[in-house]
Amino acid sequence: MSLFGGWSGSRGSFFGGIHPPEHKQRTAEEPIEVVPTPAEVRISLLQHLGAVCDPLIKPREEVHLGAEIGRSEKFISAPVHASISGTAMRATVATLPNGRHVPVIPIRAYETQPLADRALYDAMLGGSWPLGEAEQFEPGEIVESAREAGLVGMGGAAFPTFVKLMRQADQPVDTVLVNGCECEPFLTADYRMMVEAPQAIVAGGLLVRRALGAQRVLLCIEDNKPLAVRALREQQGPGIEVVVLQTKYPQGGERQLVQAATGRVMPGGGLPMRVGVAVLNISTVAALAAAVYRGRPLTHRVVTVSGGGIRQAKNLLAPVGTSYRELIRLCGGLTPDAARVIAGGPMMGFSFAADDEVADKIPIPITKGTSGLTVLTRREIQQAEQTACLRCGRCVDVCPMRLVPTRLALATRANRVSLLQRYHIGSCVECGCCAYACPASIPLVQLIRVGKIQFQNP
Amino acid sequence: MTNSRKIRGYLQQAWLVLLLAGAYGGALAGVQMTLAPRIAENRRRETYQTIPQLVPGADRERTVELWISDREGNPARVYRTHDAEGRHNGWVLPASGPGFADDIGLLIGLDASLKKLTGMYVLDQRETPGLGDYIRDADFRRQFQGHAADTPIEAVKSDPQEQQIVVLSGATVSSSSVCRIINTAIARMRGPLLQSQAAASAAGGDAREQEL
Amino acid sequence: MPDGPTASERFLNGILPENPVYRQLLGMCPVLAVTAAMLPALTMAAATAFVLISANVIISLIRGQLRPHLRILVFTLTIATFVTIADRFLAAYLYEMSKVLGPYVPLIIVNCLIISRCEICASKQTVRVAVADAVGMSLGFTLALVSIATVREVLGSGTWLGLRVLPEAWPNWGIMVLPPGAFLVLGLLLAGVEWWGQWRAERAALAVASVSRSLQGQSGGAAREEEASSWKA
Amino acid sequence: MESLTLLVQIFVSAAIINNFVLHYFVGICPFLGVSRRVDMAFGMGCAVTFVISIAALLSWTFTYYLLRPDAPLPAWLWQRAGGDPSVAIDLSVLSYIMYIFVIASSVQFVEMYVRKFAPKLHKSFGVFLPLITTNCAILFACLIILRNLQDPAQLWGPAEALTLALGGGVGFTLAICLMAGIREELELCDVPRPLRGAGITLLVAGILAMAVMGFAGVDQNLQNVIDAFFN
Amino acid sequence: MGLATGDLGTREVASRSGGLDATTRLGVQIAPSPHLSDTWFTTQRLMGEVLIALMPVIVMAVLVFRWNAVRQISLCVLACLAAEAIFARFRGRPAPLHDLSATLTGLILALSLPWSSPWYVPVLGSVVAIGLGKAAFGGLGCNLFNPAMVGRAFVMLAFAREMGASAYVLLDSELSVVTRATPLSLAKQFAADLAAGRVTAGEAQVQMEMAESIWALLIGQLNGSLGETSAVAILFGGAYLLIRRVISWEIPVGILLVSFLFVELGHVFELTLLGPLQHLITGSLLFSAFFIATDPVTSPLTSKGRLFFGMGIGFLLVVIRLFSSYPEGVMFAVLLMNATVPLLNRWTVPQPLGGPVPAKAGV
């Protein structure tokens, strides 16, 4: 925490940012545990940004692990696959933690599953991965595999991966960034992946490089994860190298990562492609390797269940569609002082009602983009009393997008749309740094979200 | 033809304005005629009232207003004072200049030979109430009496020497402004006044008669 | 025209309900500049009243002959003439006071109060109404000047109209006779008048509201509950 | 040199210490009315500075040659017409009427000129021009010039008149722009209801007036220093 | 890091209509992200840290001015707290006394007063500071002008005699420190002597140095407002604030740098007898640089803006010290620059990373 921290924008770091307590030690040493097949999974037909899939199966139809159960003809979409073997039920609607109502297909599990426990782990992540064979594939093949496997960004955004892998003649990509920063407190899912399956990640990275025709792959890791750095360094080869970045939230943010790792600055509102960069999460990259080399669609993912409100924090390899309730149950349930259940990390995740009454009626399923489940205790979410804005400028100092959050919040309160424009509301990524740092405990992110709505519908 | 119609059109439109302008002009002329002497008298009285204070022994009624060109050739008003017997005994110079808040207007009394300051009076001021406006006080004004008129006067905080006065506490600017105005005014008028005196005495006649 | 306010209404309006300073924010310049003490304030009020009444009378007399595009010209000419008369008069008979008031007497010419009364009232009404209006407005203006001057003189010098009202030990607040004091006092008095108006309006509204609230109380609660439940989904 | 330092003094005094708005209270109406947006305030300030300069030069000309007690033109005409040369002609009673017409016509003239030759400029501050006629700052500048021309002892030249006007205009612009910024800020604040609008504006003006009082004496000391430097 | 903003929208409207912290069911709360906050650093803590940093200054004030300092400080703090409570009552709100801001205002006001001012000066100053400086704008966070400086300027202009240079000096006092004029008044006087040609530059310089050695200025055995006697005490407090990151470095650096440069310039042209270093450690320059100008509420938001703000104060301060009739100009400079803060904020809106989002791209 240097005195001049606010000014730093050098390589390896970015402007602004905060240093929340990491809380990762609780699960960092917990090996990935395979979830026993749940009795029922509810697979959302919308796991990604883009169009909703149409169901491909009828109620009562029998499906097997990896069978395609939904797809869409729209371009920006990704098919969904059955994550367990069982009987499909009638589609219903579930509300995801982000508030979206989506159609889900419940699948009742068979007694016996083709893959479980260690076998499942080995099939998904274990074993050895071919590191030198990426060049054998045509770029188009890789893209097609990614599309068929239903790959989406697993860092949270859930953007269909194959779109990122397609070469654009006018915007060639020379650098692939594999994002292993995992800057959210508590979460260690990506960390465990890096420690346990570095080969899969490197193999996947090389596939991305092949698909995009890029020169190099940079595996970006924060300097608080030395084990992961070592594991990946052992696998690094020509065209693929590990880059160690400063530990700072939101190092894993796309714009911040691009700036920190390559020194390039993405233009406002533009994609990384504009500066010749592609950014993929390490889990996504590993899933790509599984799709290409082992023909496995994306059906399982690693989820960290942590926080002071969980009895036994764990890293779990869970089928997509497992309910959060199930995950909580597997981790020994909630402690009595659990106060907030959050899908994702505490900085950007969505809190939702996970108490027994609601969860029993409508179990909320995890999706491909769910990286963790954080349960915070009353003490952890404790906030100072909200006071008036002191204009101390801390939010300005920490904003990684160089905005003036307090202005945006005040303008929102006063409903002044012209000010929202002047202070560039459109650039806010809602990373939460400002609200974290605010000594007056003003819900800045919240107000800015409201401001965005005011701005769009003045 | 068209011209005359145009003129008639204008007249139709503007007769009221012209009429009013005429009426108002007349009214103002009347006001000016009636009140101008009175206003001039007010101004004169304001100055003349203080003359006995400024030049000891001066007779208010025998004071003469003169216009003399200053050092740079601009006309300036001065008062030549006489005692009860009609002997020339001093000069009064009106002067003004910037003070703390606004212009300060002063009257400066000098002896007949222009060697000594005999008094100072504040005509106009808008200095800080309770602070700078104490320049009007007799105590402050008395300090100026008796200083030589050929060297500048300055304001000091304490221990006044020759040609020095003590500033009002807390109102340095007002006090030094007064000094500055006095110095400037004397510097501007001393030469011309001495010249006119010399001319008058050379002519041997009564200066008063000449100037009138 | 007969529908407009009557002469007596206009007279009363000017004093408080449409007070030129507190309600219409007109003629602020002299209100701030000459209110360091009561005497100049009263003199200024009298001068303004003289100009306002005279101008209103003249404009009202010639209102039938006014051409729209020459209207403002006539107003300005009239006002400037009367201001000149007032200015000379003060210089002749109240010389000391005219020196204190300085440029603020001629500035009456551009006092928006006068031209707005000529425009709004005098150019459309009979002489009687115009005079009543002008007198009312003048009284309102005087009231404003006097109120501010009272505060400033009492706090700033411990006197009122030159008479000592506070004990000799009173430390004079010099700032009150300085420009900042003028702004602060007018600002606070303005807020006071505003607060009084709001308080009265609220009290009037309260009587109406208490009836309707007793009727609507229940349904309002139900609506809130409904709203809350709709978000639960 | 002396005249130049006098100009410096006049300018600094009019722009800051004896600021037209914050010290002499002239131009309060636009100060309260137009100071809601910074860009509008700046436009108004520019328009006032422009008009005040023109009006000052014009009224100086009229006053010097026509209206002051010893003005040359009326005396010359009077004598040409065969009047008694010992009778002093004093037209100063007409000064106020003259000024108000000078101001009104210079506003008209400026508006016509700007509309014709600088339409872009007209777009940005043309709307303020008609409002300026009743801005007392301009008449006030004319009156100050009159005061300094009535006393033959310190006759102002056109340069002094123009400097006063520019200083006054700059000071007005400064005050109104600061106030506009503050008022924009206050819209985001929870100002007590009775104070909203004119009340808080006046209080802020009071604080600003306190702040500029701290500069009292700067104009003269600056003048002294420059004088001393050149001597 | 991606966001489904459209979805957030409906939820946020929902939670907004039900208050910002939405629903609580069976002990599990739903609230918008982020779910963590820096609980160490709060408004109260911010003010508390400044209070801690003020301790050395207060101790020095009490050591030098004895019970005079105790009297001024307690009067100001009590009056500020009372005023805060009363004005909060006017608006029917609970008095926010525990946020310590009123206490801080009272302390800073007290430390900027001369030791001799009669009781009504601190009391009226406090009431004006809280009433006009803070409550009129809508309370803490809305005050555009530094409340303590508003109060100080008000009493300065209201009671010119009780606050002027003569208020600092009492020749036959038991406190030896108050028998001499304040360093800045002395400097003005010597400068006048020099300008009048009564002394040569060298003599004046010697006189000045005799009167106030740099050592005395640093340690603080000399006359002045309560809080400005010891430069070392202020530097300690300032360093504490900087290290704890309570204040940003831009404002003190801006003030000190610019005033140093301009005083040096003035010194070269013999406008002032004190050298730049002496100017920095006399009067309330240091105190304002660390404690007054850095008030977060009344200084700009962005770091560029803060730098300009500091530089502006430094410049105006030197102008007032060298040219105006006041020996010290901190409060006027601070108030004037406070007025420019909205404009500075407007002009220093930073460009977002990578430039603003083009209008077509949407939010």
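Tutor: A salt bridge is a side-chain nitrogen of Lys or Arg within 4 Å of a carboxyl oxygen of Asp or Glu. By that rule, the count between chain C and chain D is one salt bridge. The model is predicted: local features need pLDDT of at least 70, side-chain atom pairs count only at pLDDT 80 or more, and totals for chains, interfaces and linings use all residues. Side-chain values use heavy atoms, leaving out hydrogens and water; residues are numbered from 1 along each chain as its sequence is written, and chains are lettered from A and ligands numbered from 1 in the order in which they are written.

Student: What makes Glu202(C) and Arg193(D) a salt bridge?

Tutor: Their closest N and O atoms are 2.3 Å apart. That is within 4 Å, so the pair qualifies.

Student: How many residue pairs are in polar contact between chain C and chain D?

Tutor: Three, counting pairs with both residues at pLDDT 80 or more. A polar contact is a pair of N or O atoms within 3.5 Å; within protein, one must be able to donate a hydrogen and the other to accept it, and residues adjacent in sequence count only if both atoms are side-chain atoms.

Student: Which parts of chain C touch chain D?

Tutor: α2 (28–33), α4 and α8 (179–232) of chain C each supply at least two residues of that side. Helices here are DSSP runs (H or I, at least four residues), as strands are (E, at least two), numbered from the N terminus. The largest share, 14 residues, comes from α8(C).

Student: How much area do chain C and chain D bury between them?

Tutor: About 3,100 Å², with 82% of it on carbon and sulfur atoms. Buried area is the accessible area (1.4 Å probe) that two parts lose on being put together, summed over both. In chain C, Val110(C), Pro179(C) and Phe183(C) lose the most area to chain D, together 19% of what that side buries. The contact (heavy atoms within 4.5 Å) takes 37 residues from chain C and 34 residues from chain D.

Student: How many salt bridges does the structure hold over all chains?

Tutor: It holds 43. Lys99(C) and Glu46(B) form one, with the closest N and O atoms 2.3 Å apart.

Student: How do you know that this pair joins two chains?

Tutor: Lys99(C) lies in helix α5 (residues 95–101) of chain C, and Glu46(B) in helix α1 (residues 2–54) of chain B, so two chains are joined.

Student: Is Glu46(B) buried or exposed?

Tutor: Buried means under 20% relative accessible area, exposed over 50%, and partly exposed in between (1.4 Å probe, protein chains only). Glu46(B) has 14%, so it counts as buried. Lys99(C) has 22%, so it counts as partly exposed.

Student: What about the salt bridge of Asp83(B) and Arg87(B)?

Tutor: Their N to O distance is 3.5 Å. Asp83(B) has 12% relative accessibility, so it is buried. Arg87(B) has 53%, so it is exposed.

Student: Where do Arg115(D) and Glu111(D) lie?

Tutor: Both are in helix α5 (residues 95–117) of chain D, four residues apart, about one turn of the helix. Their side chains meet in a salt bridge at 3.0 Å, N to O. Glu111(D) counts as buried, at 14% relative accessibility. Elsewhere, salt bridges that share partners join Asp190(D), Arg196(D), Arg91(E) and Arg93(E) into one network.

Student: How many aromatic pairs does a search of the whole structure find?

Tutor: The search finds 29 over all chains. Rings of Phe, Tyr and Trp (its six-membered ring) pair if their centres lie within 6.5 Å; planes under 30 degrees apart are stacked, over 60 edge-to-face, the rest tilted.

Student: Why is the pair of Phe137(A) and Tyr293(A) called edge-to-face?

Tutor: The ring centres are 5.7 Å apart and the planes are at 70°, so the pair is edge-to-face. Phe137(A) lies in the loop between α2 (117–124) and α3 (139–148) of chain A, and Tyr293(A) in helix α9 (residues 282–294) of chain A, so the pair ties together parts 156 residues apart in sequence. Phe137(A) is buried, with a relative accessible area of 17%.

Student: Why is the pair of Phe89(C) and Tyr93(C) called tilted?

Tutor: The centres are 4.9 Å apart, and the planes make 45°. That angle is neither under 30 degrees nor over 60, so the pair is tilted. Phe89(C) is partly exposed at 46% relative accessibility, and Tyr93(C) is partly exposed at 44%.

Student: What makes Arg147(A) sit over the ring of Phe162(A)?

Tutor: Its charged end is 4.7 Å from the ring centre. The rule asks for NZ of Lys or CZ of Arg within 6 Å of the ring centre and within 35 degrees of the ring normal. Lys248(A) likewise has its charged end over the ring of Phe14(A), 4.6 Å from the centre.
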